[in-house]
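Reader: I should like to go through this entry term by term. For each label, please give the cut-off and show how the value meets it.

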Amino acid sequence: MTRARCRARAHPFALDAALAAGVLVCMVAGSFVEPHGPEGVRWGLRTPDPLSLVLMALGATALVLRRRAPRTVLALAGGASVVESVTGDPRAPVAMCAVVALYTVASTTDRPTTWRIGLLTMTVLTGVAMAVGPLPWYAQENLAIFAWTGIGATAGDAVRSRRAFVQAIRERAERAERTREEEARRRVAEERLRIARDLHDVVAHHIALVNVQAGVAAHVMDKRPDQAKEALAHVREASRSALGELRATVGLLRQSGDPEAPTEPAPGLDRLDELAGTFRSAGLRVEVARGDEGAGLPAAVDLAAYRIVQEALTNVRKHAGADARAEVSVVRVGPHIEITVLDDGAGGDLDHAPGGGHGLLGMRERVTALRGTLTTGPRYGGGFRVHAILPVEPRTSAPQDNSP
């Protein structure tokens with residue numbers, strides 16, 4: 001059934017030619033039937049008029065072009081039916097081609113147009129047959145013309161509606177498929193960006209510490225070997241921490257069923273003192289002030305706050321100079337938590353300037369993803385300031401005023 005339908009769609013002209021031949025055969029066969037006898041209704045045989053045969057051939061031939069010019073074909077078939085209604089006695093079924101043409105028009109146009117053309121066709125064919133035809137106006141042949149033209153218009157409109165419904169369902173399915181694909185691509189892009197951001201934060205922080213401690217060890221290796229050993233111990237600890245965080249981050253790319261997937265929690269502000277200690281061991285003076293009352297934070301906010309402090313202190317250690325001092329402040333203000341990192345260093349590097357490097361960009365992306373705000377820039381008198389405001393509680397609509 002499906003293969004035959006595909007072939008028919010591939011060769012519409014051949015299908016219309018076959019349909020026209022079938023309609024012609026039906027009309028010619030019907031023209032040999034005599035429905036009326038001298039004693040009332042009695043079926044018999046008769047010989048059709050030559051004009052009726054010509055009109056049937058003309059109407060059937062026009063149906064071959066019904067897809068290309070449906071209204072023109074309807075006009076030709078309707079004209080042949082009108083001529084047959086006036087001259088035919090007894091009448092041949094030429095109106096059959098008009099019914100098929102009306103069906104084609106109704107199936108290829110909109111409903112208002114179908115109503116107008118259908119009513120016009122029914123009125124003209126039935127009115128002419130009743131008014132000037134050889135049969136009485138109440139003859140069943142006249143009523144049959146009215147009924148069959150109405151059926152043709154209704155059937156065509158039903159087919160058009162079904163086609164439109166199926167097309168709408170198909171378009172909706174295709175649109176949903178495109179939406180799913182776009183959503184999948186968007187999620188993949190967001191996940192790649194998040195992993196790249198985490199990798200940057202981890203690598204930039206720990207490699208900066210390793211670089212500083214390695215330089216200290218190389219500088220004091222000959223004169224103060226004890227201090228060099230201490231610096232190398234810090235290098236080893238920073239390397240171990242870097243490997244652990246890299247393993248946890250890269251482990252997110254494993255399959256969910258992998259038994260080696262990391263299970264330790266992501267870092268948060270509960271490790272802020274430990275983070276500050278790593279920078280102090282690298283020679284950076286860091287002061288931490290907490291005013292968040294130890295309240296628990298959502299995991300995303302907690303991780304973002306930790307990464308912001310980590311990246312800000314890394315920038316201080318890299319760009320603010322050897323004698324710089326940093327201050328970290330974490331304060332809970334209503335439904336928000338504010339993170340401020342200040343330094344009094346010289347700065348001046350492009351990566352430490354607003355909008356430069358990937359560190360500040362990563363901070364801004366994290367804050368924007370949580371619908372917070374980030375402000376970065378140089379301080380008056382020297383130094384740099386990083387200030388982030390992250391929402392802790394979900395936004396709620398303003399209370400309604402029920403007063404009269």
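Reader: What makes Glu177 count as partly exposed?

Author: Glu177 has a relative accessibility of 36%. Buried means under 20% relative accessible area and exposed means over 50%, with partly exposed in between (1.4 Å probe, protein chains only). The value for Glu177 lies between these limits, so this residue is partly exposed. The model is predicted, so local features need pLDDT of at least 70 and side-chain atom pairs count only at pLDDT 80 or more, while totals for chains, interfaces and linings use all residues. Residues are numbered from 1 along each chain as its sequence is written, and side-chain values use heavy atoms, leaving out hydrogens and water.

Reader: How do you know that the side chains of Glu177 and Arg180 meet in a salt bridge?

Author: A salt bridge requires a side-chain nitrogen of Lys or Arg within 4 Å of a carboxyl oxygen of Asp or Glu. For Arg180 and Glu177 the N to O distance is 2.4 Å, so the pair meets the rule. These two residues are three apart in helix 7, and are therefore separated by about one helical turn. Helices (H or I, at least four residues) and strands (E, at least two) are DSSP runs, numbered from the N terminus. By the salt-bridge rule the count comes to seven.

Reader: Which residues are linked with Asp157 in a network of salt bridges?

Author: The network links Arg111, Asp157 and Arg160. Within it, the side chains of Asp157 and Arg160 meet at 2.9 Å, N to O. Asp157 and Arg160 are three residues apart in helix 7 (residues 140-220), so about one helical turn separates them. In general, an α-helix has 3.6 residues a turn, so residues three or four places apart point the same way.

Reader: Why is Asp157 called buried, and why Arg160?

Author: Asp157 has a relative accessible area of 14% and Arg160 has 18%. Each value is under the 20% limit, so both residues are buried.

Reader: How is the salt bridge of Arg325 and Glu327 placed, buried or partly exposed?

Author: Arg325, at 28% relative accessibility, counts as partly exposed, and so does Glu327, at 32%. Their side chains meet at 2.9 Å, N to O.

Reader: Why do strand 3 and strand 6 count as edges of the sheet?

Author: The sheet is open, with five strands in the order 3-4-5-7-6 and mixed pairing. Strand 3 (285-291) and strand 6 (373-378) each have a single partner strand, so one side of each is left without a neighbour in the sheet. On average, neighbouring strands of the sheet are turned by 10° against each other, direction ignored.

Reader: How do you know that strand 3 and strand 4 pair?

Author: Two strands pair if DSSP finds at least two bridges between them. Seven bridges join strand 3 to strand 4 (residues 325-333), so the condition is met; the two run parallel. Within this pair, Val288 stands opposite Val328 in strand 4.

Reader: What makes strand 7 largely enclosed by the rest of the structure?

Author: Six of the eight residues of strand 7 (residues 384-391) are buried, so the label applies. Strand 7 is joined to strand 5 (residues 336-343) by eight bridges, in the antiparallel sense, with His336 opposite Pro391. Six antiparallel bridges pair strand 7 with strand 6, and Gly377 has Arg385 as its bridge partner.

Reader: What puts the buried residues of helix 9 on the same side?

Author: Leu272, Leu275, Ala276 and Phe279 are buried in helix 9. They cover an arc of only 95° around the axis, which puts them on the same side of helix 9; the arc is that of the directions from the helix axis to the C-beta atoms. Helix 9 (residues 272-281) lies across strand 3 and strand 4, and runs at about 165° to strand 3. Axes are lines fitted to C-alpha atoms, for helices over the stretch in contact (heavy atoms within 4.5 Å), and angles run from 0 to 180 degrees between N-to-C directions.

Reader: Why is Arg371 called exposed?

Author: Arg371 has a relative accessible area of 62%, which is over 50%, so it is exposed. Arg371 lies in the loop between helix 11 (357-369) and strand 6. Arg371 has a positive phi of about 65° although it is not a glycine. Most residues other than glycine have a negative phi.
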